[in-house]
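Subject: Structure handover

Hello,

Here is the structure I promised to pass on. Please open it alongside this email; my notes follow below.

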Amino acid sequence: MTIKPLADRVLIKPAAAETKTASGIIIPDTAKEKPLQGTVVAVGQGTKDETMVLKEGDQVLYGKYAGTELEHEGEKYLIMRQSDVVAVLQ
């Protein structure tokens, strides 16, 4: 089974959260911030009003509360509208 987003939605695999600070302090799970960066895994077809700008493999930044979390085959993903993505990393 694969996940195929519909319309203007994208499926994103979030980057791993930081486990240590620059000074070597280990961050406990409860204090870790959600990563705001990830990789686009799948994209929808777009809508008649909005064409898809994002493509699979793009490294993106998204809003802190953007998207819906889901888990598939033990992996965590976010599904969100293309408009919730704020930047593509080059």
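Start at Q82. Its side chain reaches the backbone oxygen of T51 at 3.2 Å. The side chain of Q82 also reaches the backbone nitrogen of L54, again at 3.2 Å. Bear in mind that this is a predicted model.

Where does Q82 sit? It lies in the loop between β5 and β6. Despite the loop position, Q82 is buried, because its relative accessible area is 7% and the cut-off for buried is under 20%. Setting aside residues up to four places away in sequence, Q82 touches D8, E50, T51, M52, V53 and L54.

D8 is worth a look next. This residue belongs to the segment before β1. D8 also counts as buried, at 7% relative accessibility. Its side chain makes a polar contact of 2.8 Å with the side chain of R81. Beyond the residues up to four places away, D8 touches G46, T47, E50, M52, M80, R81 and Q82. So the contact between D8 and Q82 turns up from either side, since contact means heavy atoms within 4.5 Å.

Now the overall fold. The protein chain has 0 helices and 6 strands. Along the sequence the pattern reads β-β-β-β-β-β. The 6 strands form an open sheet, in the order β4-β5-β1-β2-β3-β6, with antiparallel pairing. β4 (68-72) and β6 stand at the edges with a single partner strand each, so one side of each has no neighbour in the sheet. Neighbouring strands of this sheet are turned by 40 degrees against each other on average, direction ignored.

Some totals for the chain. Of its 90 residues, 26% count as buried. The accessible surface is about 6400 Å², and 54% of that belongs to carbon and sulfur atoms. Take the contacts between residues at least 6 apart in sequence: 62% of them join residues at least 24 apart.

Strand β3 (residues 59-62) is a good place to see the sheet pairing. On one side, 3 bridges join β3 to strand β2 (residues 37-43), and the two run antiparallel. There, T39 stands opposite Q59 in β3. β3 also pairs with strand β6 (residues 85-89), in the antiparallel sense, over 4 bridges. In that pairing, L61 stands opposite A87 in β6.

Which residues of β3 are covered, and which are uncovered? V60 and Y62 make up the covered face. Q59 and L61 make up the uncovered one. In a regular strand the side chains alternate between the two faces of the sheet. The β3 split into V60 and Y62 against Q59 and L61 follows the sequence in that way.

Both covered residues of β3 appear again in the core. The largest nonpolar core has 12 residues: V10, I12, V40, V43, M52, L54, V60, Y62, A66, L78, M80 and V85. β1 (9-14), β2, β3 and β5 are the elements that give two or more residues to this core. One core member to check is A66. Leaving aside neighbours within four places in sequence, A66 is in contact with L78, M80 and D84. L78 and M80 are core members themselves. M52 and L54 belong to the core as well, and Q82 touches both M52 and L54.

Next, I79. It is found in strand β5 (residues 75-81). I79 and R9 are 70 residues apart in sequence, yet their C-alpha atoms are 6.7 Å apart in space. Not counting neighbours within four places, I79 is in contact with P5, R9, V10, L11, G67, T68 and L70. Among these contacts, V10 is a member of the core.

Last, E73. Is E73 buried or exposed? At 66% relative accessibility, E73 counts as exposed; the cut-off is over 50%. E73 is in the loop between β4 and β5. The C-alpha atoms of E73 and T2 are separated by 9.9 Å, with their positions 71 residues apart along the chain.

If you look at a few spots, try these. See Q82 with T51 and L54. See the D8 and R81 side chains. Then see V60 and Y62 on the covered face of β3.

Best wishes

Definitions and conventions:
Residues numbered from 1 in each chain as written. Predicted model: local features only at pLDDT ≥ 70, side-chain atom pairs only at ≥ 80, totals over all residues. Heavy atoms only, no water. Buried < 20%, exposed > 50% of the residue type's maximum accessible area, 1.4 Å probe, protein only. Pairing = 2+ DSSP bridges. Areas by Shrake-Rupley, 256 points an atom, 1.4 Å probe, with all protein chains shown as cover. Axes fitted to C-alpha atoms, helices over the stretch in contact; angles between N-to-C directions. Core = buried A, V, L, I, M, F, W, Y, C linked by side-chain atoms within 4.5 Å. Polar contact = N/O pair within 3.5 Å; in protein donor to acceptor, adjacent residues only side chain to side chain.
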